[in-house]
Amino acid sequence: MNNFRNVNNDILKDWLEFRESTGLAYTDDEDKKHSIYFDEISERILNNVPGDSIEYVKEQLDLLDKNFLDYVTYWNEKYYRNGFCDGVQLISGSVEK
C-alpha cells in the first residue's frame, strides 16, 4: 500500500500555500471576520508603551507573531495532510474490496 504521508512532490502543501497567497483561504465574509489582526493589535500595544521600551516590546511582538504563525502552520499542515491521507486510504480500501 502507498504511504501518502511520505511525499517528495508535495501537491497538498503547494495547494495550501497557493490558497493562502491568493486569498482563496477567505471565501466569504464570515471567514474574513476570523482573520488575525496582528498588525493592528501590535500598533495599539506599542502606542501605550513608554518610549524607552518600544523597541523591546516590538521585537517581542514580532517573535510572538512568527512563533504563532509557525505553530499554526505546523499543526494545520500536519492535520490537513493526515485527514486527507486518511480519507484517501478509506476510499482506496473500499475500492479494493
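**Figure 1. A nonpolar patch on the surface of the predicted model.** Let us start on the outside, where Ile 36, Phe 68, Leu 69, Tyr 71, Tyr 74, Trp 75 and Tyr 79 form a nonpolar patch. Together these residues offer about 750 Å² of accessible area. A good one to pick out is Tyr 74, a residue of helix H4, which spans residues 54-96. Tyr 74 has a relative accessibility of 47%, so it counts as partly exposed. Please keep in mind that this is a predicted model.

**Figure 2. Aromatic rings that pair up.** Here the view moves in on the rings, and the count of aromatic pairs comes to 3. One of them joins Tyr 74 and Trp 75 in an edge-to-face arrangement, with 4.9 Å from centre to centre and 85° between the planes. Trp 75 is partly exposed, at a relative accessible area of 33%. Trp 75 also pairs with Tyr 79, and this pair is stacked: the centres are 5.6 Å apart and the planes differ by 10°. Both Trp 75 and Tyr 79 belong to helix H4, where they sit 4 residues apart, or about one turn of the helix. Tyr 79 is partly exposed too, with a relative accessible area of 48%. Which residues do the ring pairs link into a cluster? They are Tyr 71, Tyr 74, Trp 75 and Tyr 79, and these four names also appear in the nonpolar patch of the opening figure.

**Figure 3. A salt bridge between Lys 58 and Asp 62.** The structure holds 2 salt bridges, and this close-up is devoted to the one that Lys 58 forms with Asp 62. The closest N and O atoms of this pair are 3.3 Å apart. Both residues lie in helix H4, with a spacing of 4 residues, about one turn of the helix. Why look at such a spacing in a helix? An α-helix has 3.6 residues a turn, so residues three or four places apart point the same way. Are Lys 58 and Asp 62 buried or partly exposed? Lys 58 counts as partly exposed at 35% relative accessibility, and Asp 62 is partly exposed at 40%.

**Figure 4. A salt bridge between Lys 66 and Asp 70.** Further along helix H4, the side chains of Lys 66 and Asp 70 meet in a salt bridge, at 2.9 Å from N to O. Because they are 4 residues apart in this helix, about one helical turn separates them. Lys 66, at 51% relative accessibility, counts as exposed, whereas Asp 70, at 43%, counts as partly exposed.

**Figure 5. The two faces of helix H3.** Which residues of H3 are buried? They are Phe 38, Ser 42 and Leu 46. These residues cover an arc of only 65° around the axis, and therefore they lie on the same side of H3. On the face turned away from that buried side, you will find the exposed residues Glu 43 and Arg 44.

**Figure 6. How confident the prediction is.** The chain has an average pLDDT of 80, and 82% of its residues score at least 70. Where is confidence highest, and where is it lowest? Helix H3, residues 38-46, has the highest confidence with a mean of 95, while helix H1, residues 11-22, has the lowest with a mean of 72. Where pLDDT is low, the predicted coordinates should not be read in detail.

Key. Residues numbered from 1 in each chain as written. Heavy atoms only, no water. pLDDT = per-residue confidence, 0-100. Patch = residues over 30% accessible without salt bridge, like charges linked within 9 Å, V, L, I, M, F, W, Y side chains within 5 Å. Areas by Shrake-Rupley, 256 points an atom, 1.4 Å probe, with all protein chains shown as cover. Buried < 20%, exposed > 50% of the residue type's maximum accessible area, 1.4 Å probe, protein only. Arc of directions from axis to C-beta. Phe/Tyr/Trp six-rings, centres within 6.5 Å; stacked < 30°, edge-to-face > 60°.
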